[in-house]
Each structure stands twice: as C-alpha cells, then as structure tokens.
Amino acid sequence: MFKELIHRVSGIYLSEQKKKLVVARLSRRLRALNLETFTQYYHYLTENPAGASEIENLINRVTTNKTDFFREMHHFEFLRDEVLPAIIAKGEATGNRRVRIWSAGCSTGEEPYSIAIVCSEGFKNHRGWDLKILATDLDTEVLQRAGRGHYPTQALIPVPGEYLTKYFVRTTEGYIVSDALKYMVAFRKLNFMNAVFPMKNPFDIIFCRNVIIYFDQPTKTELMNKFHAHLKPQGLIFIGHSESLMSMKEKFKYVKHTVYQKV
C-alpha cells in the first residue's frame with residue numbers, strides 16, 4: 001500500500017529490494033507520531049487531516065540524495081568547452097543575452113553550484129548577461145541544506161583548488177558557498193508529478209541526472225515530455241550515466257553520451 005501511495009505522490013517506483021530500507025526509514029516517523037504499526041501510519045497519511053503535511057515527511061524519508069560536486073565531470077567539461085561558448089557567440093550576435101538553466105532534482109545543491117561555477121568562469125569576460133539557475137527538488141530538507149550552502153571539507157574534494165579559494169569561504173566546520181554563487185541559484189520545491197510546472201519561460205539547458213532511474217517507464221516518458229515542453233528549441237538536456245532517451249528520438253536528438261538536444 002505504501003508503494004502505490006509513494007508512486008502516486010512522487011513518481012518514485014520502489015522495488016521489493018527497497019522494502020527493508022523503506023521500513024527502516026519510515027520507522028522513525030512512527031516513533032515521532034507515537035504510532036505502533038505501519039497500518040496506523042498509512043491511515044494517518046490517508047485519512048487524518050494532518051496527513052497532508054505528513055506526506056512531506058514521508059517523501060523526505062524515501063528519496064535518495066546521493067550527489068557530489070562536479071559529479072560526472074565530462075558534463076561540466078562539455079558545458080565549459082562547447083555549450084557556453086556557443087551560447088555566448090549566438091548571444092553576442094543576436095543581442096539576446098539571457099540564459100536560464102534548470103537543475104531538476106538538485107538534492108543538497110552540489111550540482112547547481114557546480115553549474116554556477118562553470119558559468120561564472122565562462123561568462124567572466126562577457127558583460128551584460130542575465131544568467132540564472134533554477135534548482136528544484138521534492139525533498140524539503142535537502143533544499144534547506146542546499147540554500148544554506150554549508151559543506152564539510154570532505155565534500156569539497158572534487159572541487160579544483162582554484163575554484164575552492166575563489167568560490168568558497170572556509171569555516172570551522174568546512175566551507176560555505178560564496179554569496180556570488182548563491183545569487184545565481186534559486187532553490188524551489190517542485191514535484192515532478194504536478195500536472196503543470198509553474199515556470200513560464202523555457203530553459204536553455206536542463207540537468208536531470210540520476211533521477212528517472214527511480215521512475216517506471218510511463219512516468220519517465222511523461223516527465224520527459226514535460227521537460228521537452230520547457231526547453232527552448234535546440235535546448236540541451238543532461239541525464240545520468242545509466243539513463244537514456246533513445247526511446248524518444250522524436251523528441252530528443254542524441255548529441256553525446258547522456259546529452260540530448262530538443263528536436
């Protein structure tokens with residue numbers, strides 16, 4: 001019963017192999033609510049007036065938030081070496097100097113801040129550009145952590161030394177993201193299962209990496225159709241190393257490994 005509820009409200013498809021993990025994580029919520037059984041918890045979620053707010057805690061417990069700075073470095077190299085120079089060249093020629101990037105499923109913020117570093121470097125010699133990064137996630141707890149921008153020293157190991165000194169401030173407990181990077185990124189809660197996304201303007205680039213692996217095929221297709229609608233013509237989408245959009249060739253054209261372009 002939890003499997004169906006979680007799928008309905010979040011799109012996440014939980015296999016039987018995840019049962020022990022889910023039981024362990026949700027047991028904390030039972031203790032917090034002084035409930036004795038999972039049946040009681042299910043009824044609390046679905047029948048109690050307070051259940052609507054508890055759904056948020058449920059989803060926060062079952063989401064997976066593995067991420068790192070500059071994870072899958074080849075994506076950031078491609079962004080730096082090919083994508084941004086092409087955007088800059090076109091913008092300088094046309095006068096359209098507005099760039100919007102979406103980190104969809106941003107977790108604790110390492111991905112959008114990595115994007116912000118690459119963009120800050122790429123545009124440092126080009127004035128008059130309006131560049132913003134939207135970072136969304138369903139898990140409200142990781143969004144709070146991402147917004148604070150505090151990271152332990154161990155988390156910064158993948159960050160090149162020149163970027164570490166330029167874009168982070170050392171603290172007694174690790175590092176904090178600089179205000180310049182924070183200004184570039186807006187963190188918002190978003191459920192991929194929403195029928196309509198609130199963003200009005202299309203994106204040049206979408207990062208949605210290692211997210212759709214948790215969805216079944218119909219949910220994946222539905223989400224990718226939404227992303228297609230929110231990309232500019234010829235906009236790019238970056239996906240995870242074990243994901244593919246080859247089944248949606250009418251929507252997305254293969255560019256290179258795990259990078260596709262809107263058709």
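**Exercise 1. Find which element gives the largest share of the lining of the largest pocket, and describe that lining.**

*Solution.* Start with the share: α2 supplies 3 residues, the largest contribution to the lining of the largest pocket. Helices (H or I, at least four residues) and strands (E, at least two) are DSSP runs, numbered from the N terminus. A pocket is an open set of points on a 1 Å grid over the protein atoms alone, with protein on both sides within 12 Å along at least five of seven lines, and lining residues have an atom within 4 Å of a point.

Before going on, note that this is a predicted model, in which local features need pLDDT of at least 70 and side-chain atom pairs count only at pLDDT 80 or more, while totals for chains, interfaces and linings use all residues. Residues are numbered from 1 along each chain as its sequence is written, and side-chain values use heavy atoms, with hydrogens and water left out.

Next, look at the elements: α2 (19–33) and β2 (130–137) each supply at least two residues of this lining. In total, 33 residues line the largest pocket, and T63, T64, N210, V211 and Y214 lie nearest its centre. Its space comes to about 640 Å³, where grid points are joined across faces, edges and corners and a volume is the space filled by probe spheres set on the points.

Finally, sort the lining of the largest pocket by class: 14 residues are nonpolar, 12 polar and 7 charged. Here Ala, Val, Leu, Ile, Met, Phe, Trp, Tyr, Cys and Pro count as nonpolar, Asp, Glu, Lys and Arg as charged, and the others, Gly among them, as polar.

**Exercise 2. Work out which elements line the second largest pocket, and which gives the most.**

*Solution.* Begin with the volume: the second largest pocket holds about 450 Å³ of space. Of its 19 lining residues, I87, K90, D204, P233 and Q234 are the closest to the centre. Elements giving two or more residues to this lining are α5, β1, β7 and β8. Among the contributors, α5 gives the most, with 7 residues. By class, the lining of the second largest pocket has 8 nonpolar, 6 polar and 5 charged residues.

**Exercise 3. Describe the largest cavity and say which residues line it.**

*Solution.* The structure holds 1 cavity of 30 Å³ or more. A cavity is a set of grid points where a 1.4 Å probe fits but cannot get out. The largest cavity has a volume of about 40 Å³. Lining it are F70, M73, F76, E77, R80, V118 and Y163. Helix α5 (residues 73–94) provides 4 residues, the largest share of this lining. Of the lining residues, 5 are nonpolar, none polar and 2 charged.

**Exercise 4. Trace the strand order of the sheet of 7 strands and follow two of its pairings.**

*Solution.* Write down the order: this open sheet runs β6-β2-β1-β7-β8-β10-β9, with mixed pairing. Two strands pair if DSSP finds at least two bridges between them. At the edges are β6 (185–189) and β9 (252–256), each pairing on one side only. On average, neighbouring strands of this sheet are turned by 20 degrees against each other, direction ignored.

Now take the pairings in turn. Strands β1 (residues 98–104) and β7 (residues 203–208) run parallel and are joined by 3 bridges; W102 has I206 in β7 as its bridge partner. Strands β7 and β8 also run parallel, with 5 bridges between them, and F207 stands opposite F238 in β8.

**Exercise 5. Are D204 and R100 buried or exposed, and which side chains do they contact?**

*Solution.* D204 lies in strand β7. At 14% relative accessibility, D204 is buried; buried means under 20% relative accessible area, exposed over 50%, partly exposed in between (1.4 Å probe, protein chains only). The side chain of D204 makes a polar contact of 3.1 Å with the side chain of K232. Such a contact is a pair of N or O atoms within 3.5 Å; within protein, one must be able to donate a hydrogen and the other to accept it, and residues adjacent in sequence count only if both atoms are side-chain atoms.

R100 lies in strand β1. With a relative accessible area of 15%, R100 is buried too, and a polar contact of 3.0 Å joins its side chain to that of D130.

Conventions. Axes are lines fitted to C-alpha atoms, for helices over the stretch in contact, and angles run from 0 to 180 degrees between N-to-C directions.
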